[in-house]
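This briefing introduces the structure shown below to a reader who has not met it before. The points are grouped by topic.

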Amino acid sequence: MTAATPSATLDIARIRDDFPILATQVHGKPLIYLDNAATTQKPRAVIEAIQRYYTEENSNIHRGVHHLSEVATRKYESARGLVRQFIGAHTTREIIFTRGTTEGLNLVAASYGRANISKGDEIIVSAMEHHSNIVPWQMLCQEKGARLRVIPINDRGELLMDEFEKLLSPRTKLVSIVHISNSLGTINPVRRIIELAHAVGAVVLLDAAQSVAHTPIDVQSLDCDFLAFSGHKLFGPTGIGVLYGKQALLEAMPPYQGGGDMISSVTFEHTTYNHLPHKFEAGTPHIEGVIGLGAAIAYVQSVGLHAIAAHEQRLLQYGTTLLAELPKVRMIGTAREKAGILSFVVEGVHPHDVGTILDTEGIAIRAGHHCTMPVMDRFGLPATARASLSLYNTAADLDALVRGLHKVAEVLR
Ligand code: 7TS
């Protein structure tokens with residue numbers, strides 16, 4: 001990753017001006033958006049790139065000889081180049097466009113998994129995975145007679161690395177692990193996990209859904225084998241995501257879906273497949289999604305991920321201190337290495353009621369299990385309330401959250 005300016009401070013007022021939705025009101029109150037782990041808001045640069053595409057450039061790609069098709073193809077492929085540079089991949093052949101993190105994980109399970117996992121093999125995930133990094137592996141294990149092993153976590157929401165080392169063996173074929181937990185905020189020691197997994201010959205997939213917008217990532221330096229993320233959590237459109245895979249692995253994998261664009265020739269007797277990355281992109285893709293994602297990456301790079309990370313760390317500390325002063329609030333997820341996610345419960349109040357009352361104040365948080373039911377089980381909770389931060393949030397947003405929580409206490413007294 002190449003964050004352009006690793007300066008430590010951001011001009012937040014200017015950044016907020018880039019996001020039109022932040023100037024809107026909800027229930028007559030200024031919107032305070034603290035649900036960034038679910039999806040981020042979109043800067044004008046992304047909205048305008050999509051509008052420009054449909055106003056001036058719309059065409060199908062890779063198949064037309066006319067001007068618009070050439071423009072659209074060039075824009076689509078140059079966004080792939082931006083993604084390559086953003087995550088430090090070796091070549092654009094390693095960048096596959098998907099619908100999102102979920103599809104990236106399913107692609108690896110269906111293609112790499114079916115071809116390489118057999119009876120008696122083991123796949124390791126952790127106790128803090130999103131359902132989309134659990135269920136595809138369960139389905140694969142069921143089909144193949146393989147076994148899913150789970151790295152446990154401690155009361156702070158940190159991986160027990162000793163237990164991970166004990167789980168590793170020559171039977172371990174794949175380790176699929178979340179980089180930053182969406183329900184706890186834990187930043188996992190992925191570099192160490194990758195080293196340990198490689199030492200037993202396993203490949204490693206990183207679920208980077210919650211990390212790409214918050215910390216610089218360099219896939220070559222990390223040496224991960226696969227990495228998946230979603231555009232919509234990175235200020236880009238929904239329905240678009242990226243799967244990175246090492247070229248040699250992707251070359252050896254069978255296609256995921258059949259159709260247009262993924263072939264080089266078809267007869268009823270025999271079909272040959274297109275070269276990477278097109279082998280994994282069957283059908284007309286989400287062209288405007290890719291163009292919007294390219295604009296989002298350019299935007300993030302213009303701000304700089306080092307500065308974004310520093311800003312969010314300051315807010316995390318501020319918010320953690322504020323919430324600790326509220327007697328009935330208990331934080332869930334107190335890892336030493338933590339990103340800008342404040343998951344909490346309010347004694348005697350269901351998290352959904354917390355979320356609903358905050359909503360009347362214009363404050364958007366998420367309440368629920370966050371698609372991590374095993375995490376809720378681990379902490380003996382049905383759900384948490386979660387405020388998740390992004391580059392445009394301010395200390396004032398967190399002050400408003402605390403005022404909202406006082407209102408929760410008043411309403412439910
Ligand atoms: N992995 C993690 C760690 C996530 O946080 C999410 C979405 C996904 C995978 C799936 O991403 P998708 O874009 O394919 O849906 N997490 C959340 C969340 O925390 N609230 O809403 C979605």
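**Strand pairing and sheets**

Strand β4 and strand β10 (residues 241–245) run antiparallel and are joined by 4 bridges. Within this pair, T98 is placed opposite G241 of β10. The model is predicted, and the chain has an average pLDDT of 96.

**The sheet of 7 strands**
- This open sheet follows the order β4-β10-β9-β8-β7-β5-β6, and its pairing is mixed.
- β4 (95–98) and β6 (147–151) each have a single partner strand and stand at the edges, so one side of each has no neighbour in the sheet.
- From one strand to the next, the twist averages 20 degrees.
- Helix α4 (residues 101–116) packs on the sheet and touches β4, β7 (172–178), β8 (203–207), β9 (226–230) and β10.
- The direction of helix α4 makes about 150 degrees with that of β9.

**The sheet of 4 strands**
- Here the open sheet has the order β13-β14-β17-β16, with antiparallel pairing.
- The edges are held by β13 (329–331) and β16 (366–368); each has a single partner strand, so one side of each is left without a neighbour in the sheet.
- Neighbouring strands of this sheet are turned by 30 degrees against each other on average, direction ignored.
- Strand β14 (residues 341–346) is joined by 4 bridges to the antiparallel strand β17 (residues 384–388), and F344 stands opposite A385 in β17.
- Helix α11 (residues 305–324) lies across β13 and β14, at about 10 degrees to β14.

**Confidence**
- A pLDDT of at least 70 is reached by 98% of the residues.
- Over residues 1–7, however, the pLDDT is below 50.
- Where pLDDT is low, predicted coordinates should not be read in detail.

Definitions and conventions
Residues are numbered from 1 along each chain as its sequence is written. This is a predicted model: local features need pLDDT of at least 70, side-chain atom pairs count only at pLDDT 80 or more; totals for chains, interfaces and linings use all residues. Side-chain values use heavy atoms; hydrogens and water are left out. pLDDT is the predictor's confidence in each residue, from 0 to 100. Contact means heavy atoms within 4.5 Å. Two strands pair if DSSP finds at least two bridges between them. Helices (H or I, at least four residues) and strands (E, at least two) are DSSP runs, numbered from the N terminus. Axes are lines fitted to C-alpha atoms, for helices over the stretch in contact, and angles run from 0 to 180 degrees between N-to-C directions.
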